[in-house]
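Please open the model in a viewer with residue selection enabled. The tour below proceeds from one selection to the next.

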Amino acid sequence: MARQAYMTETDKGGSGSEQQPTRLRRLRERLIGGRRGDRGIWRRGIVLALCSLLTALVMLAHTHVPNAIGNLGSLVDTFLPWVGLLIPVLLVLGLVRRSATALIATVLPGAVWLNLFGGLLTDKTATGGDLTVVTHNVNAENPDPAATARGVAASGADVLALEELKASEVPTYERALEPAYKYHEVVGTVGLWSKYPLSDVKAVDIRLGWKRAMRATVTAPAGQVAVYVAHLPSVRVKLEAGFTARQRDKSANALGEAIADEPLPNVVLLGDLNGTMNDRALNAVTSQMRSTQGAVGSGFGFSWPASFPMARIDQILVKGAEPESSWTLPATASDHLPIAARVRITARDD
């Protein structure tokens with residue numbers, strides 16, 4: 001009788017663990033429709049699927065977003081990596097809606113984002129190089145310029161470019177940087193400090209009416225390098241005007257012309273370009289130079305704003321010289337982060 005009672009309790013289609021679905025199975029069934037044969041999992045979430053397709057299209061064809069209205073295209077270009085934040089949101093909404101269609105559709109924008117930016121997620125930093133360069137927009141309203149100068153000098157840079165120098169504070173930067181840098185030149189609101197001799201220093205006309213760009217020859221042990229320092233005009237996002245960047249775009253074209261005419265084979269551009277490498281408005285510059293961060297950096301290297309970096313508008317670009325490593329330096333009292341790179345001089349000036 002005891003054996004029969006045992007069989008009665010357990011022989012109803014198998015053991016208790018076989019009769020009752022596991023938590024994992026219940027969760028899986030809930031996510032894919034709650035019960036087998038639920039055709040609604042394909043009909044639901046069509047709008048979410050269309051949103052995923054639109055997100056992928058914006059990233060894939062961002063260069064075709066028109067600039068005619070408020071420079072919308074440049075605005076999308078500047079913050080393009082952040083479009084990827086929509087992907088996890090769409091994924092969660094697809095799970096909530098229990099829509100297979102919506103979930104599958106998120107694969108497309110995910111693949112596009114990885115194709116565009118996946119390479120930035122890996123560390124491509126190499127060792128070596130002949131010259132360490134640093135650029136920093138120090139902010140004209142910097143409350144502690146001396147500490148900022150000491151902070152960037154601590155990077156050990158061979159060549160240091162500073163932008164947005166306030167005339168009254170230039171002596172402060174000169175005193176703070178003098179122990180580390182024997183040579184320096186200031187042109188307008190930009191300056192260059194170097195451990196190696198500087199020559200052929202001149203302002204670069206970027207069609208502003210005042211001096212915010214310069215060029216100098218740095219005679220390093222490995223060879224001569226033409227170093228450009230530039231601070232392109234700021235851009236603004238306005239409700240009535242959109243992404244106002246007309247003057248920045250004109251200055252970028254002028255800077256591109258100057259670099260194209262540069263006779264030295266090794267060229268380094270340091271500065272605040274007020275635009276990212278994706279911004280089509282900087283094509284006159286970016287089409288002929290390489291970003292050290294994109295080539296040999298680790299991560300996105302966002303530099304602005306310092307409190308919560310969202311874009312890399314401070315750039316180190318090279319032509320002729322080979323980038324070896326690129327990184328972001330610790331914050332100073334400025335609203336920008338300083339950035340650094342190590343480059344190798346590959347061509348000699350004969």
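On a 1 Å grid over the protein atoms alone, a pocket is an open set of points where a 1.4 Å probe fits, with protein on both sides within 12 Å along at least five of seven lines; lining residues have an atom within 4 Å of a point. Grid points are joined across faces, edges and corners, and the volume is the space filled by probe spheres set on them. The model is predicted: local features need pLDDT of at least 70, side-chain atom pairs count only at pLDDT 80 or more, and totals for chains, interfaces and linings use all residues. Numbering starts from 1 along each chain as its sequence is written, and side-chain values use heavy atoms, without hydrogens and water.

Begin with Phe-117, Leu-120, Met-277, Asn-278 and Gly-294, which lie nearest the centre of the largest pocket, among its 18 lining residues. This pocket holds about 380 Å³ of space.

Next, select strands 5, 6, 7, 10, 12 and 11; in that order they form an open sheet with mixed pairing (strands are DSSP runs of E, at least two residues, numbered from the N terminus; two strands pair if DSSP finds at least two bridges between them). Strand 5 (198–203) and strand 11 (290–291) are the edges, each with a single partner strand, so one side of each lacks a neighbour in the sheet. Strand 5 pairs with strand 6 (residues 213–220) in the antiparallel sense over four bridges. Within this pair, Lys-202 stands opposite Arg-215.

Then move to the open sheet of six strands ordered 3-4-2-1-14-13, whose pairing is mixed. Here, strand 1 (residues 131–137) and strand 2 (residues 159–163) pair in the parallel sense over five bridges. Finally, select His-136, which stands opposite Leu-162 in strand 2.
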